[in-house]
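Reader: Hello! I am new to reading protein models, so could you take a close look at one part with me, the packing of secondary-structure elements, and tell me how to describe it?

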Amino acid sequence: MTLAEAAAQADALAQAGSERELADLRKEWGDELEAAARSADFRERAVAYRAIGQFRWRAKEELLRRGLDDESPACRGSALLSLELLSRDHPSTVNGVRPLLHNLVNGDGNAAVRRLAVLCLKNGSPERNTIVLLEGIAGDDESDPELRRAAAGVAQQLKRKQPRR
């Protein structure tokens, strides 16, 4: 079985609520995942970063942080997908890397990576600086139309999450 296949199995176990089996699978694949995340081949790193989310592996969040800085857009995208998955029930996951996400949203050279970073921000706390950033992108006529739509939608979601004054 490959790491990608093990990650798909882990995702199925997580969705089924099979915590014991998921823990066993994590134990079995931990070293391989770490090695893949350090590989010189961007494809192996991308699989590893994606697997962290599929394994629901909170203990590997520091590896995701490294993935957000990876030179490969595929790796950054995979890390963002895992970050989004892990942050659905835990805003602290996004809050801990918010400055990195802001940098990706503002200046990543890959439009898909920028959109994924915007989507991750929806799971964080509704901080004013994030909302202002997203509204600025949404109003920028020179930005990619899909990025503008995503930024506008996430800004609205975050505004709804803000406490009423």
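Author: Happily! Helices here are DSSP runs of H or I with at least four residues, strands are runs of E with at least two, and both are numbered from the N terminus. By that definition, the protein has ten helices and zero strands, giving the pattern α-α-α-α-α-α-α-α-α-α along the sequence.

A word on the source: this is a predicted model, in which local features need pLDDT of at least 70 and side-chain atom pairs count only at pLDDT 80 or more, while totals for chains, interfaces and linings use all residues. Residues are numbered from 1 along each chain as its sequence is written, and side-chain values use heavy atoms, leaving out hydrogens and water.

Now for the packing. Two packed helices are described by the angle between their axes and the distance between the axes. Axes are lines fitted to C-alpha atoms, for helices over the stretch in contact, and the angles run from 0 to 180 degrees between N-to-C directions.

Let's begin with helix α5 (residues 73-86) and helix α8 (residues 111-121), which pack at an angle of about 15° with their axes 9 Å apart. α5 and α8 are therefore roughly parallel, a term for angles under 35 degrees. Their crossing is left-handed, meaning that the near helix is turned anticlockwise from the far one by less than a right angle. On the α5 side, the contact (heavy atoms within 4.5 Å) includes Pro73, Arg76 and Leu80, and on the α8 side Val113, Leu116 and Cys120 are among the residues involved. By class, this contact has nine nonpolar, one polar and two charged residues. Here Ala, Val, Leu, Ile, Met, Phe, Trp, Tyr, Cys and Pro count as nonpolar, Asp, Glu, Lys and Arg as charged, and the others, Gly among them, as polar.

Next come α9 and α10, whose axes come within 8 Å and cross at roughly 150°. The crossing of α9 with α10 is left-handed. Among the residues in contact are Ile131 and Leu134 of α9, together with Ala151 and Leu158 of α10. The contact of α9 with α10 divides into ten nonpolar, one polar and three charged residues.

Between α9 (128-138) and α10 (145-161) there is a loop, and Asp141 sits in it. With 65% relative accessibility, Asp141 counts as exposed, where exposed means over 50% relative accessible area, buried under 20% and partly exposed in between (1.4 Å probe, protein chains only). From C-alpha to C-alpha, Asp141 lies 45 Å from Glu32. For the whole protein, buried residues make up 46% of the 165 residues.

Technical notes. Angles under 35 degrees count as roughly parallel, over 145 as roughly antiparallel, 65 to 115 as roughly perpendicular and the rest as oblique.
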